[in-house]
Each structure stands twice: as structure tokens, then as C-alpha cells.
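Colleague: I'm new to reading protein–DNA models. Could you walk me through one?

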There are 2 protein chains.
Amino acid sequence: MARNQQQELKALQDTLYFIGGKWRIPIINSICNGNRRFREIERSIPGITTRMLSKELKEMEQSKLLKRTVYDETPVLVEYAPTEHCRSFGKVIAEMIRWGKGHREVVIRGNKAK
Amino acid sequence: MARNQQQELKALQDTLYFIGGKWRIPIINSICNGNRRFREIERSIPGITTRMLSKELKEMEQSKLLKRTVYDETPVLVEYAPTEHCRSFGKVIAEMIRWGKGHREVVIRGNKAK
DNA sequence: GTAACCAGTATCATGTAGTATACCAGTAAT
DNA sequence: ATTACTGGTATACTACATGATACTGGTTAC
């Protein structure tokens, strides 16, 4: 029950760090829903500033979660696309949604179940 | 692809909020590994302060993730135990570990896979 | 020429999560 | 009586994530 527990905790913290910020999930959501361009993503996420979006997109590109492509048309066009790796995060998201729904019931209704 | 998306995002944010802090996961980990008493938990988590532990335990009790029991022996003994609800979080944790491991490979080794 | 779009960057302000440190009341052992 | 344990609280500080706001350089349209 220990040993590679160290390693698992590390992996866990990586994941937590990755989704740590306030905007990560909304951004992933937006891009996975088909938004591709900077202003488009920005408009799809109420409340986000260009500063935060810019910062997050940069980090996400470095983490290989997004692919940034510059098309040298005129005017220049920049496209952000999710990688497979990013899409693979879907399972984690699904589990979190599942748990979050249950959590809401437990906390709000009090615990009837054991 | 929308509709209850609002609701799902909310559930997701609940979960994120729940694991948001720096110490939540280590504390859950510690308690699920059998630690029960305040100082015991505290010693099992390097770097945590009594203040943070106290604060977190309080919140976690309110969220029905922990059961706090005071045994009026002498000296007084306080026990923290995980609820079923807390243990049910294990699946999320497992998914996060799984993803975190893959993430590490993708980021560190560069992306050979598509 | 000026207004409006694109994809951002730069600078400064603020709030809150977390840290550091000390302390309290009670019990027990030496 | 002093040291060390228990389960915590109180106060002060600090750093970092985020927010607000303005600006840049290029293109297109009127």
C-alpha cells in the first residue's frame, strides 16, 4: 500500500497542477467544442481576459495539449487545436462530473445513505 | 452537445473546487491510509501546518467527507474517519493518476504518438 | 483618415491561499 | 515544576494567481 505511492502522488499532482487554474477547463471545453481562433475562444468564455487566455494557451501548447498553427494568409490566421492527449483528458473530466453530481446531493441533502 | 452542459460544468467546478487546495489530496490520502488522529495526520504530511490541517479538516467535515468523532476518554481523543462519499472519490483519483502518468510521458519525451 | 477587426503584450493593482510563529488548556510522566 | 504530549486557535505576513486597463502593429472597409 506504499512504494510506488510516491510516484502516484506525483502523477496526481501533475494532473492537479494541470487543471489547477480557473480557466483551464473552460478553455479545454471551448476548444473541444470546436472553437479554434483566439477571439473566438475568448468570446466563448464569459469573463476571461485576453491576458489570461494568452497565458493559458501558451502553457497548454508547451504541455502538448494544444497545437498552435499560424496560417500565413492575409490577414494572418492563428488556429488552436486540441491534441489527442488533450482529448484523452475527457475520461478524467467525465469522472469528475459524475462525482461532482453525487457530491452535490450528499452535501445539499445531508447524508441519508450510510 | 449543449443543454445540460451548464449543469455538467457546474458539477465539474464543484469537484475542482473540492480538490482545489494544496493539501486536500494528501489529507484524503493520509486518512484513507488509516491515519485517524490530528497529530497523526499532521505528522504523515510533510510540510503541512496545524493551521492548514485544521482548516481543511473543518471544511471536509462540513462537506460530509469526514466524520469527526470525539471520544470523551481521558485525555480526550478525536478521530477523523473518511465517509463512503470520500472513498468514492477514489475513482476520480485513479483516473487522474492514470492521466497524470501519460501526461508526464507526453510532455517529457515529446510527442512521438500522433 | 478613422473605425473595426485580428492576435496578442505590457503594466499595475488586488485578493486570497498559504506560510510562519506563537500560543492555549488539559493530561501525563519524571 | 518542567517537559512533552493532546487538539487545536490567533495573528501577522507574503507571494502568486488573477483582474483591469491600456496599448501595439498589421489589415480591411468606408
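Colleague: Which helix gives the largest share of the surface near DNA strand C?

Modeller: That's H4(A), with four residues. Keep in mind that this is a predicted model. Helix H3 (38-44) and strand S2 (77-82) of chain A, along with H4 of chain B, each supply at least two residues too.

Colleague: How many residues surround DNA strand C, and which are the closest?

Modeller: There are 18, and the closest are A:Arg39, A:Ser54, A:Arg68, A:Tyr80 and B:Lys22. By type, the surface near DNA strand C divides into eight charged, six nonpolar and four polar residues. As for the DNA side, sugar and phosphate make up 61% of the strand C atoms that come within 4 Å of the protein.

Colleague: What about single atom pairs? Which part of DNA strand C is 2.5 Å from the side chain of A:Ser54?

Modeller: A phosphate oxygen, paired with an N or O atom of that side chain. Now look at the bases: a polar side-chain atom of A:Arg51 lies 3.0 Å from a base oxygen of strand C. Over in chain B, an N or O atom in the B:Arg51 side chain is 3.1 Å from a base oxygen of that strand.

Colleague: And how do I read two packed helices?

Modeller: You use the angle between their axes and the distance between the axes. Take H2 (residues 24-32) and H4 (residues 50-62) of chain B: the angle is about 75° and the axes are 11 Å apart. So H2(B) is roughly perpendicular to H4(B).

Colleague: Which residues of H2(B) make that contact?

Modeller: B:Arg24, B:Ile27, B:Ile28 and B:Ile31, meeting H4(B) residues that include B:Leu53 and B:Met60. The contact residues divide into six nonpolar, three charged and no polar.

Technical notes
Residues numbered from 1 in each chain as written. Chains lettered and ligands numbered in written order. Predicted model: local features only at pLDDT ≥ 70, side-chain atom pairs only at ≥ 80, totals over all residues. Heavy atoms only, no water. Axes fitted to C-alpha atoms, helices over the stretch in contact; angles between N-to-C directions. Parallel < 35°, antiparallel > 145°, perpendicular 65-115°, else oblique. Contact = heavy atoms within 4.5 Å. Nonpolar A, V, L, I, M, F, W, Y, C, P; charged D, E, K, R; others polar. Near = heavy atom within 4 Å. Polar contact = N/O pair within 3.5 Å; in protein donor to acceptor, adjacent residues only side chain to side chain.
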